[in-house]
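Q: Could you walk me through this model, starting with whatever term we need for talking about how accessible a side chain is?

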Amino acid sequence: MKKIKIGFIITLTSLLCSCQKYLDVVPDNVPTLDYAFHLRASAERYLFTCYSYMPSNGDINKNPGFNGADEVWYMSPIKGVNGDVWSIAQGLQSSSSPLANYWSGEKQGNKLFQAIRDCNIFLENIDKVADIEAYEKDRWVAEVTFLKAYYHFYLFRMYGPIPIVKQNLPLGSSPAEVQVYRQPVNEVVNYIVELLDEVDRNESLPDRLSGTENIELGRITRVIVKALKAKVLVTAASPLFNGGNSFFNLQDNKGLQLFNLSPDPQKWVKALNACKEAIDFSEKLGYKLYEFPPSFAYKVNDTIQTQMNIRAALSDKEANTEVIWPNTNSTTGTLQRSSIPKLLPGDPGSTGLRPMGTVAPTLKMAEMFYTNKGLPIEYDKAWQNLDRFALRTAVAKDRFYVKKGQETVQLHFDREPRFYADMGFDRGIWYGNAANNYDVALEDNGQGSLIYVQGRAGEVAAKQENQNYSITGYTVKKWVHIGTTQTPQMPSSNIKSYPWPELRLADLYLLYAEALNEVNGYNGGATTLWVNKIRARAGIPSVEVSWNQYSTLPGYYTDKNNLRSIIHKERAIELAFEGSRFWDLRRWLEAHQSGALNGPVKGWDITQKESIAYYREVLLFNQRYSMREYLWPLKISEMQINHNLVQNPGW
């Protein structure tokens, strides 16, 4: 009988010991399919196998969205982080050995076609289990059907047209039968949506998991299904997959056209309806944009409250009202330690336990965030005569953003709260470490103990060796849980980990706004309503107020093309460092444009001690993005095995 392939083994004991490891269980030494589906217990282990292929999107080494674009950069040669995915950002992708290869399961990629096969095995055999209640079996079927749809979507987003694996080929299939074809974009999307609709109709699937069901955190619910469907349809409606670009005129060896030859506006209508349905369903269940709940341990003023509303929307797993899909297969301990700079003096201890601060946001990202008036720097009237790189000393009114009396660049002053919530920078206040949780609540006192980043040569967060430092002078504060406390050595007990948020409500709001604009334009504010919800939580004025009162171009937002650029910018800022920009720039066909992934990557001169020398732009890399990089290459060896596969354009 057919053997079951096992990627790794975690015993059932781990399930009982930690609810956070619920989905990290795979069958151990299950010899045959008959045995696997003989009893409920062994079938449940096979259910966990299907979950175990979930991409680890909270892993700094494996998520292409983290390191594959222009949001962060690293020292060269890279240390402390696997360089495979970062090589994509440097234009080093190849068809001989593809990076983040989720087709074959190499170079930090999971074997997603094997995942789909295992999902099919489960669905084909679950009826054999004798000691299982009907409602539980139906729920498991819904979960695995969803995972099958998700794995198809993940591959589709990377490769475009892919083979659809509705059923596994039987043993003994002829050579001709195993030579499968890639299917057209429309057929792939339709199949994914059909699977999701099938899951949505399954009454045994819970709408959401309540607090009493946290042991199951990460399992699929109906609200996740609806949210993913919205994301799938927005992706399919976007320019990369909606036809009209001659570069993607791809045919297979039978002459079948794999991409649309012209855009279909009805795809945006379908996406619009799916987004609205997902939002209505989510809000009916109590989902809303997160607000940080202050407590005795974390007393905050209004300034820090706004920053924590933003920052903890990712990391608060106890009181989070926004995260729709927490991925418990992918927690964030290493991610946090890779981001947090050294804030406190003392012996850093062993390499594996120290705060590393190696994940370095680029200067482009620092400039991308809005001003405190909710505008891009170049359109804010107050910034027209300001030199963003001129030095300025922080005074009392700046004290919760920049250390009072310290000097840094104008770029770090008068910015929107998301800038201060998401990014750590030299002389910037770092709220959240144990030493300053109380003092920040005081308006005029306690300033002496507020922690701030000291990143210049010879200082505590500066480069002191050939690893564990930020090459740009910036770090990602957004990833670090407020409860993560730093000591010179950081044992795992100091890091408050959380499941990676695969989908959150803010993402849905912005997807809906995008679809609304493509269908209806500004429409008297009906479109910007959803963007303004995000902006209100972010502590900035509405789109209308910002552009009409403070910009050099009043009324800019009323034009459909201009509003599109505003929505795209809002996604880039609100979802910064969450892996979204990487995929968004691709689906929008904007990655090759100047200023996107085609241009200089810069940081500060981190080798300097004095501020006037430290705050000098340093060129780290010149990115070049070609059209072929919109889609992953198929590995040459895969095409040698299956001659019916055609390579993606340009590879």
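A: Buried means under 20% relative accessible area, exposed means over 50%, and partly exposed is what falls in between. Please keep in mind throughout that this is a predicted model.

Q: OK, so with that cut-off, is E136 buried or exposed?
A: E136 has a relative accessibility of 17%, and because buried means under 20%, E136 counts as buried.

Q: What does E136 form a salt bridge with?
A: E136 pairs with R40, and the closest N and O atoms of the two are 2.8 Å apart. The pair links distant parts of the chain, since R40 sits in helix α3 (residues 40-52) and E136 in helix α7 (residues 134-159), 96 residues apart. R40, for its part, counts as partly exposed at 24% relative accessibility.

Q: How many salt bridges are there in the whole structure?
A: A search of the whole structure finds 43 salt bridges.

Q: Staying with helix α7, which salt bridges does E143 form?
A: One is with R139, where the closest N and O atoms are 3.7 Å apart, and another is with R219, where the corresponding separation is 2.6 Å. E143 and R139 both lie in helix α7, 4 residues apart, which is about one turn of the helix, and both of these residues are buried.

Q: And where is R219, relative to E143?
A: R219 lies in the loop between α9 (185-200) and α10, whereas E143 is in helix α7, so the pair ties together parts that are 76 residues apart in sequence. Both E143 and R219 are buried.

Q: Which residues are joined into one network by salt bridges that share partners?
A: That network joins E322, E416, R418, D422, K478, R504, R535, R537, E570, E574 and E578.

Q: You mentioned α10; where does K226 sit, and what does it touch?
A: K226 is placed in helix α10 (residues 222-237), and it is buried, with a relative accessible area of 10%. Not counting residues up to four places away in sequence, K226 touches D200, E277, A278 and F281.

Q: Switching to Y630, where is that one, and is it buried or exposed?
A: Y630 is found in the loop between β10 (617-623) and α22 (636-641), and at 0% relative accessibility it counts as buried.

Q: What is Y630 in contact with?
A: Leaving aside neighbours within four places in sequence, the contacts of Y630 are M158, L240, F248, L585, R586, L589, E590, A591, H592 and Y625. With H592 there is also a polar contact of 2.4 Å between the side chains. As for R587, the C-alpha atoms of Y630 and R587 are 8.1 Å apart in space, although the two residues are 43 residues apart in sequence.

Q: Last topic, pockets: what is the volume of the second largest one, and which residues are closest to its centre?
A: The second largest pocket has a volume of about 740 Å³. It is lined by 27 residues, of which M368, S565, K569, R581 and G595 are the closest to the centre.

Q: Which elements give two or more residues to that lining?
A: Those elements are α14 (363-368), α19 (560-574) and α20 (580-587), and the largest share, 8 residues, comes from α19.

Q: How does the lining divide into nonpolar, polar and charged?
A: The lining of the second largest pocket divides into 11 nonpolar, 6 polar and 10 charged residues.

Conventions. Residues are numbered from 1 along each chain as its sequence is written. This is a predicted model: local features need pLDDT of at least 70, side-chain atom pairs count only at pLDDT 80 or more; totals for chains, interfaces and linings use all residues. Side-chain values use heavy atoms; hydrogens and water are left out. On a 1 Å grid over the protein atoms alone, a cavity is a set of points where a 1.4 Å probe fits but cannot get out, and a pocket is an open set with protein on both sides within 12 Å along at least five of seven lines; lining residues have an atom within 4 Å of a point. Grid points are joined across faces, edges and corners, and a volume is the space filled by probe spheres set on the points. Ala, Val, Leu, Ile, Met, Phe, Trp, Tyr, Cys and Pro count as nonpolar, Asp, Glu, Lys and Arg as charged, and the others, Gly among them, as polar. Buried means under 20% relative accessible area, exposed over 50%, partly exposed in between (1.4 Å probe, protein chains only). Contact means heavy atoms within 4.5 Å. A salt bridge is a side-chain nitrogen of Lys or Arg within 4 Å of a carboxyl oxygen of Asp or Glu. A polar contact is a pair of N or O atoms within 3.5 Å; within protein, one must be able to donate a hydrogen and the other to accept it, and residues adjacent in sequence count only if both atoms are side-chain atoms.
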